[in-house]
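Visitor: Hello! Could you show me around this structure and explain the words you use?
Guide: Gladly, let us have a look together.
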Amino acid sequence: MASPFSRFRVSLQKTSQKGGVMFFLRNCQIFHTFIFDFNTHDNMVKIFCVNTQTSKTFPEGTTLMEMLPEFDFKQPYPILSAKVNNVSQGLKYKAFNSRQVEFLDYRSYLGRSVYSNSLCFLLTKATSDVLPDAKVTIRRPISKGYFCSIRKADGSEFTQEDLDRIQTRMRRIVDEDLPFRRWEVRLEEAIELFSKLGYEDKVKLLKTSNDVYVNYYTLGDTADYYYDVLLSSTGYMKVWSLTMYRGGLLLRIPDRHHPEQLAPFIEQPKTFEIFSENLRWNKIMGLENVGDVNLACARGEASDLIKVAEALQEKKIVQIAEEIDRRVHLKNPVRIVLITGPSSSGKSTFCKRLSIQLKACGLHPVSFSTDDYFVNRLDTPKLPDGSYDFDNFDTVDHEYLQNDIIKLLNGETVEVPEYNFTTGIREMNGKRLKLEEGMVLLVEGIHALNPRLTDRVPDNYKYRIFINTITSISLDDHNCIPTSDNRLLRRILRDFNKGAFTARESIANWPNVRRAEVKWIYKFQENADVLFNSTYILEFAVLRAHAERILMTIPKNCPEYSDAHRLKKFLNYFTPVSDKDIPATSLIRSFIGGSNF
């Protein structure tokens with residue numbers, strides 16, 4: 001159908017009124033005049049605030065920072081950022097259309113991310129001011145902070161005096177409350193800028209990007225690139241500290257529950273060592289950041305990288321099996337191997353691969369999961385909202401489980417239960433176990449390293465394994481990859497492929513999973529005899545093709561979309577790699593499908 005104005009001729013004339021435009025619509029001899037004043041506040045937007053469940057109107061172009069005082073809600077901590085239509089935005093975001101806004105403080109995941117990224121920029125800015133041409137590398141989160149290294153331009157050792165000067169400069173920048181400024185430029189302009197600055201890590205990342213325009217930030221005269229939004233200014237960063245740590249430094253951050261104080265320092269020597277081991281291999285392979293990996297894939301090296309990654313994991317499993325075999329033959333032999341790790345770390349597949357290597361050593365492993373000792377669904381502990389707390393230690397009938405372990409160690413035959421996850425009932429299906437000479441018992445589950453689970457079993461009988469996803473590669477020198485995102489993507493894929501949960505449900509439940517891990521699992525990580533890192537250098541490249549289509553099923557109008565959008569944006573940095581060369585025994589197969597275990 002033709003437009004009702006299709007027969008009109010249009011001419012424009014600027015009026016004497018400032019900012020006004022007069023439109024003339026002429027149809028034969030009839031003139032119609034309309035005057036629009038673009039500088040008045042007639043053009044308003046309606047903002048629905050999730051925090052107050054109320055709406056207010058504002059002139060187009062009003063920033064979130066300007067809107068915030070108009071909404072009255074409890075703010076125990078400073079507002080750092082917001083979700084706008086369930087997408088993360090900084091407080092300088094301008095609304096030109098009606099929007100839904102949820103203001104966030106440090107206690108939210110996105111709030112912590114904005115604060116931490118801004119803090120990393122503060123460190124690099126202060127370092128460039130104090131030690132010109134020094135290279136700052138922010139390696140990974142550890143010990144409730146970020147492990148960083150600083151290489152001085154003259155090659156001399158980084159000292160406590162250097163750290164003190166940088167910390168003093170950081171404090172001064174915070175006191176000056178300097179703004180973080182965001183710039184949107186063509187990809188080629190950003191590549192040219194960072195080439196001139198000598199940031200080859202960012203150049204590689206951007207060159208393998210498929211974006212037309214990208215954002216970068218400046219703080220004073222210092223430019224940097226961050227894939228997430230930053231704070232509006234440096235004055236927000238009141239809580240942090242720097243300390244020398246294991247040949248580098250630790251940038252400590254606020255506590256997630258009490259942002260007014262630093263997160264408590266937790267020494268993690270075994271975690272640091274497994275991270276350092278992977279970092280050494282990355283350097284040997286010339287793959288220190290995502291740009292390196294993308295360029296290697298572009299050269300057709302993906303298949304070889306997969307083979308190397310699998311070989312490194314298998315080599316580590318062989319070493320663990322040989323150590324168990326050695327301890328089994330001691331005067332006080334190991335008789336039980338306890339295997340644990342957080343959600344989606346690959347515990348079950350690791351257990352099966354370890355069993356094969358133990359058989360190659362001449363041992364006879366028998367195994368069961370602590371999940372089979374779950375209490376019946378009706379007896380499962382519940383969360384405050386009334387939902388089942390499946391990660392609670394008391395979800396496992398630990399007295400029953402430990403009694404069976406002791407019977408097995410005493411040479412008795414035990415009928416092991418099997419938990420029916422459909423009915424929520426523990427069943428006896430005739431599965432009998434007995435430990436004969438040369439046999440070793442493998443117990444796998446999230447509570448396997450909890451001392452209460454086996455407190456009546458002598459310690460010398462136990463060999464403890466903790467499996468984690470310690471992501472050693474970074475996007476670039478200043479952008480770490482959150483380890484939890486690695487596991488969240490794995491969990492989304494596994495749940496979706498098994499038909500257990502939708503992607504939206506997996507994301508919605510993830511905060512409960514993370515809280516339970518902190519409470520029940522990670523506190524025992526450093527008690528392990530060995531840590532196994534289940535990450536994969538090409539993992540995100542392989543997961544991308546599988547995850548993107550699943551993440552797209554999450555509607556934009558639900559809270560979980562913010563995580564889906566963030567993960568899709570993150571995956572876009574990786575050149576996708578086919579899974580055709582991933583073997584059926586790979587840990588990754590348990591999440592993407594095609595595992596023969």
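Visitor: What makes Cys-558 buried rather than exposed?
Guide: Its relative accessible area is 2%, and buried means under 20%, exposed over 50% and partly exposed in between, using a 1.4 Å probe and protein chains only. Cys-558 is therefore called buried. A word on the source: this is a predicted model, where local features need pLDDT of at least 70 and side-chain atom pairs count only at pLDDT 80 or more, while totals for chains, interfaces and linings use all residues. Residues are numbered from 1 along each chain as its sequence is written, and side-chain values use heavy atoms, leaving out hydrogens and water.

Visitor: Why is Cys-480 called buried?
Guide: Because its relative accessible area is 11%, Cys-480 counts as buried too.

Visitor: Why does Cys-480 form no bond with Cys-120?
Guide: A disulfide is a pair of cysteine sulfur atoms within 2.5 Å. The closest cysteine sulfur to that of Cys-480 is in Cys-120, 6.3 Å away, so the two are too far apart for a bond. Cys-558 is in no disulfide either: the nearest cysteine sulfur belongs to Cys-49, 19 Å away. Searching the whole structure gives 0 disulfides.

Visitor: How do you know that strand 14 and strand 15 pair?
Guide: Two strands pair if DSSP finds at least two bridges between them, strands being DSSP runs of E with at least two residues, numbered from the N terminus. Strand 14 (residues 213–219) and strand 15 have 3 bridges, so they pair, in the antiparallel sense. Tyr-217 has Asp-224 in strand 15 as its bridge partner.

Visitor: What makes strand 13 and strand 15 edge strands?
Guide: In the open antiparallel sheet, ordered 13-14-15, strand 13 (180–186) and strand 15 (222–224) each pair on one side only.

Terms used
Helices (H or I, at least four residues) and strands (E, at least two) are DSSP runs, numbered from the N terminus.
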